[in-house]
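Biologist: I am new to this kind of model and would like to learn how its features are read, one at a time. Could we have the structure in front of us while we talk?

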Amino acid sequence: MKIQEFYARSPLTYSFEVFPPKTDRGVLKLYDTIAELKALDPSFISVTFAPDRTNRDRTFQIAAHVKKKLGLESMFHFTCIGATEEQIIQDLDMARALDLENILALRGDRPEEAPSAPVRNTFRYAYQLVLLIKDRYDFGMGVAGHPEGHIECQDKEQDLQHLKEKVDAGGEFVITQIFFDNGYYYDFVERAQRIGISVPIIPGILPILNLTQVKRFAALAGATIPPNLARHLERLGDNDAAVRKLGIDYATQQCLGLLEQGVPGIHFYCLNRSASVKAIFKNLGPRWFSGNGNEEISKEKVEVEMVKDQVYGVE
Ligand SMILES: Cc1cc2nc3c(=O)[nH]c(=O)nc-3n(C[C@H](O)[C@H](O)[C@H](O)COP(=O)(O)OP(=O)(O)OC[C@H]3O[C@@H](n4cnc5c(N)ncnc54)[C@H](O)[C@@H]3O)c2cc1C
């Protein structure tokens, strides 16, 4: 099923994002985690893509497993930076042969050592990928949005025009980059609608797991960590269990605010963990997440997960 159909027909579509582990053992462990996430009855699971294309097969393999073995819709992420049209077509033909139906069409982050001038005949921006997909394939297609403006673009309004370009080219929904102040998201949606972007804009929520990691992600994404949150995080330092608990509470509050504003969906950056989202769902209760048949999660189960996560650590 195409992802945009979920947004069109359900009052609240929620989804979880995972990344492909580097080892086969890691993939098996991820399958267990996804099976646990399935108990929360999401509409779909999305699987990230490494812009150096080294993990392409795993991205496709996991997205196909979710769809065929777990009976859940999936969406694979796909980046185009530095790739030729020929490579892209080869990859997308492979995805289609696996019966994958949905794609998040992205540029990908520039590798730091990459020259700023593009190599001839390679893709530079996501809208070029969107145009190619629209021309040759029948994937349900989302694109990325940046509530605080993309980090490389000095002018937020121009960045928004670039988003419009992707939507006009065929993007059917937008999933946002992480943000920690809902005000950025509301402002972004309002400005996007004002310039004629009418597709659903889905907030992307990151339950914070670890201080160093969140600082790195925020810097990469150009997301502001509000001073209050930053102070709390610094106070907890490397006490990961306490940081995780703060992350759950903070994301719960963010979600509550968004849900009360009537957002069409929430996309959770799970980082291959289930415990935090389970706890967030439990905090918010079935009032919000029963639309997709969400099962009740017992307190005991969440606590067991927390302990398990502390033992495994972040991959
Ligand atoms: C939900 C989500 C999932 C993600 N998943 C992945 C993933 O799996 N793998 C991964 O590598 N990355 C992922 N990313 C990160 C993403 O690849 C980066 O944010 C990347 O830097 C920008 O991607 P984009 O598709 O928004 O690029 P674009 O839309 O191409 O924008 C990139 C920059 O180019 C500018 N620009 C766009 N069009 C033009 C134009 N015509 N002329 C001049 N400038 C232009 C924009 O303003 C912006 O500054 C994800 C991001 C999000 C929000």
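Biologist: What span should the 15 residues of helix α2 have, and how far apart are its end C-alpha atoms?

Modeller: The general idea is that the expected span of a helix is 1.5 Å times one less than its number of residues. For helix α2, residues 24-38, this gives 21 Å, and the end C-alpha atoms are 21 Å apart, so expectation and model agree. Please keep in mind throughout that this is a predicted model.

Biologist: Which residues of α2 are buried, and what covers them?

Modeller: A residue is called buried when its relative accessible area is under 20%. In α2 the residues that meet this are G26, V27, L30, Y31, T33, I34 and L37, and the elements that cover them include β1 (13-18), β2, α3 and α11 (275-284).

Biologist: Taking L30 as one example from that helix, what does L30 touch?

Modeller: L30, which sits in helix α2, has a relative accessibility of 2% and therefore counts as buried. Leaving aside residues up to four places away in sequence, L30 touches V18, F19, P21, I62 and N272. Its C-alpha atom is also 8.2 Å from that of P20, a residue 10 places away in sequence.

Biologist: How does α10 read by the approach used for α2, that is, what span should its 21 residues have?

Modeller: Helix α10 covers residues 240-260, and at 1.5 Å a residue it should span 30 Å, which agrees with the 30 Å between its end C-alpha atoms. Its buried residues are V243, R244, L246, G247, I248, A251, T252, Q254, C255, L258 and L259. Just after α10 comes G262, whose phi is positive, at about 80°.

Biologist: Which residue that is not a glycine has a positive phi of about 65°, and where is it found?

Modeller: That description fits R53, which is not a glycine and yet has a positive phi of about 65°. R53 belongs to the loop between β2 (44-47) and α3 (56-68), and with 16% relative accessibility it counts as buried. D99, likewise a residue other than glycine, has a positive phi near 65°, and it lies in the loop between α4 (85-97) and β4. Because its relative accessibility is 49%, D99 counts as partly exposed.

Biologist: Let us move to another loop residue: is Y137 buried or exposed?

Modeller: Y137 is placed in the loop between α5 and β5 (140-145), and since its relative accessibility is 9%, it counts as buried. Not counting residues up to four places away in sequence, Y137 touches I89, L92, D93, R96 and L132. Two of these partners can be looked at in detail: the side chain of Y137 reaches the backbone oxygen of I89 at 3.2 Å, and it makes a polar contact of 2.8 Å with the side chain of D93. Y137 and I89 are 48 residues apart in sequence, while their C-alpha atoms are 9.7 Å apart in space.

Biologist: Turning to the ligand, which of the 25 residues around it come nearest?

Modeller: The nearest of them are F49, D109, H146, D159 and H162. To read the polar side of such a site, one looks at pairs of N or O atoms within 3.5 Å. Here an N or O atom in the side chain of D109 is 2.6 Å from an oxygen atom of the ligand, a backbone N or O atom of A126 lies 2.8 Å from a ligand oxygen atom, and an N or O atom in the side chain of E165 is 3.3 Å from a nitrogen atom of the ligand. The ligand on its own has 970 Å² of accessible area, and the protein covers 88% of this.

Biologist: Which elements give two or more residues to the shell around the ligand?

Modeller: They are β3 (73-79), β4 (102-106), α5 (126-136), α6 (156-169) and β6 (173-178), with α6 giving the largest share, 4 residues. Sorted by class, the shell holds 11 nonpolar, 9 polar and 5 charged residues.

Biologist: Finally, how many helices and strands does the chain have?

Modeller: The chain has 13 helices and 8 strands, and buried residues make up 55% of its 315 residues. Among contacts between residues at least 6 apart in sequence, 80% join residues at least 24 apart.

How values were computed. Residues numbered from 1 in each chain as written. Predicted model: local features only at pLDDT ≥ 70, side-chain atom pairs only at ≥ 80, totals over all residues. Heavy atoms only, no water. Buried < 20%, exposed > 50% of the residue type's maximum accessible area, 1.4 Å probe, protein only. Near = heavy atom within 4 Å. Polar contact = N/O pair within 3.5 Å; in protein donor to acceptor, adjacent residues only side chain to side chain. Areas by Shrake-Rupley, 256 points an atom, 1.4 Å probe, with all protein chains shown as cover. Nonpolar A, V, L, I, M, F, W, Y, C, P; charged D, E, K, R; others polar. Contact = heavy atoms within 4.5 Å.
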